[in-house]
Amino acid sequence: MTEARESAGPHAGRVPGTPCWVSLMVHALDATEEFYGELFGWEFRPGPQQLGPYVRALLDGREVAGMGHLPPDRRLPVAWTPYLATDDVDQTADTVRLCGGTVAVGPLDAAEAGRMAIASDPSGAVFGLWQGTAHLGTAITGVPGTPVWNELLTFETESVAKFYTSVFGYTEEPVVSADFDYLTLHLGGRPVAGLHGLGHGLPRDRGSHWQTYFEAADVDATLRQVIELGGRVLRLAHDSPHGRVATVADPEGAEFSVVQNPS
């Protein structure tokens with residue numbers, strides 16, 4: 001089993017641009033808590049309520065993700081959203097706008113936890129900005145039930161990569177392939193997120209969007225559990241260079257991937 005890693009300390013994993021949190025907005029919050037509680041062993045406690053009812057998911061007492069109630073009058077997709085760390089959310093929001101993105105919510109204070117905004121890149125993919133104070137983000141990684149990777153699924157990577165590198169200072173490492181449009185975003189020499197260009201394979205009903213990967217102890221067993229709990233399997237388990245991986249959706253349709261560490 002992968003060794004658990006704490007994400008504590010004022011600067012651990014919080015370099016600006018680092019994915020530091022994932023959050024899900026849903027219509028039926030209680031039912032969603034039940035699904036993920038059974039699937040990942042999460043427990044829940046109340047979080048900041050600036051945008052309505054919100055809970056934080058905990059694993060062994062440490063925060064791993066957030067969930068909120070989506071107001072019925074908001075026609076927003078039910079989807080996992082990554083939050084990217086920033087030292088100054090107001091300045092980063094201005095940079096997002098200058099680089100062709102949109103800021104839909106905020107910046108605003110989330111009680112004593114920090115300051116946030118919700119934005120989208122020029123292709124329409126939604127992401128969050130997080131300036132942490134009392135709450136720095138995901139507090140544990142490296143064990144089943146924790147977010148392990150975030151990947152942007154988009155039409156093509158070149159133009160949208162310019163946006164993210166301009167806003168957050170990433171460096172790019174492309175996969176050299178004639179028929180595979182993929183690049184990795186790096187900070188300080190380490191990979192932090194991926195961009196995958198799907199061309200006409202990009203789902204028209206979703207468009208460009210971020211997808212979160214959660215670590216699983218046994219991907220095949222996780223798929224069986226997803227079905228038992230009312231979710232769906234969207235892409236069957238298969239082996240990859242990074243481990244066994246599959247893509248699923250929860251009962252409300254929020255898509256995510258599960259990956260089993262090869263070690």
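**Exercise 1. Confidence**

What is the mean pLDDT of the protein, and what percentage of its residues reach 70 or more? Then find where pLDDT stays under 50.

*Solution.* This is a predicted model. Start with the whole protein: the mean pLDDT is 91. Next, count the residues at 70 or more: they make up 94%. Now look at the start of the chain. Over residues 1-13, pLDDT stays under 50. The model has 29 contacts beyond four places in sequence for this stretch. Where pLDDT is low, the predicted coordinates should not be read in detail.

**Exercise 2. The eight-stranded sheet**

Give the strand order of the open sheet, then name its edge strands.

*Solution.* Step one: list the strands. The order is β12-β13-β14-β11-β15-β18-β17-β16. The pairing is mixed. Step two: find the edges. They are β12 (171-174) and β16 (232-240), and each pairs on one side only. Step three: check the twist. From one strand to the next it averages 25°.

Now take β12 and its partner. β12 pairs with β13 (residues 181-187) in the antiparallel sense, over four bridges. Within this pair, Glu173 stands opposite Thr184 of β13.

Go to the other edge. β16 and β17 run antiparallel and are joined by six bridges. Arg235 stands opposite Thr247 in β17. A hairpin of two residues leads from β16 to β17.

**Exercise 3. Helices on the sheet**

Which strands does helix α1 touch, and which does helix α4 touch?

*Solution.* Take α1, residues 29-40. This helix packs on the sheet and touches β15 (209-215) and β18 (255-260). The direction of α1 makes about 10° with that of β18. Now take α4, residues 219-228. Helix α4 also packs on the sheet, touching β16, β17 (243-249) and β18. The direction of α4 makes about 10° with that of β17.

**Exercise 4. Reading helix α1**

Compare the expected span of α1 with the distance between its end C-alpha atoms. Then work out why its buried residues line one face.

*Solution.* First, the span. Helix α1 has 12 residues. The rise is 1.5 Å a residue, and the expected span is 16 Å. The end C-alpha atoms are 16 Å apart, which agrees.

Second, the buried residues. They are Leu29, Thr32, Glu33, Phe35, Tyr36, Leu39 and Phe40. Look down the axis of α1: these buried residues fall within an arc of 165°, so they line one face of the helix. The general rule helps here. An α-helix has 3.6 residues a turn, so residues three or four places apart point the same way.

Third, the other face. Turned away from the buried side are the exposed residues Asp30 and Glu34.

Last, the end of the helix. Just after α1 comes Gly41, with a positive phi of about 75°.

**Exercise 5. Two strand residues**

Are Gln211 and Thr81 buried or exposed? Find the contacts of each.

*Solution.* Begin with Gln211, in strand β15. The relative accessible area of Gln211 is 7%. The cut-off for buried is under 20%, so Gln211 is buried. Leave out residues up to four places away in sequence: the contacts of Gln211 include Trp149, Leu153, Thr247 and Glu255. Gln211 and Glu255 are 44 residues apart in sequence, yet 7.2 Å apart in space, C-alpha to C-alpha.

Turn to Thr81, in strand β6 (residues 80-85). Its relative accessibility is 15%, so Thr81 counts as buried. Beyond four places in sequence, Thr81 is in contact with Trp21, Val22, Ser23, Val126, Phe127 and Gly128.

How values were computed. Residues are numbered from 1 along each chain as its sequence is written. This is a predicted model: local features need pLDDT of at least 70, side-chain atom pairs count only at pLDDT 80 or more; totals for chains, interfaces and linings use all residues. Side-chain values use heavy atoms; hydrogens and water are left out. Two strands pair if DSSP finds at least two bridges between them. Axes are lines fitted to C-alpha atoms, for helices over the stretch in contact, and angles run from 0 to 180 degrees between N-to-C directions. Contact means heavy atoms within 4.5 Å. The expected span of a helix is 1.5 Å times one less than its number of residues. Buried means under 20% relative accessible area, exposed over 50%, partly exposed in between (1.4 Å probe, protein chains only). The arc is that of the directions from the helix axis to the C-beta atoms. pLDDT is the predictor's confidence in each residue, from 0 to 100.
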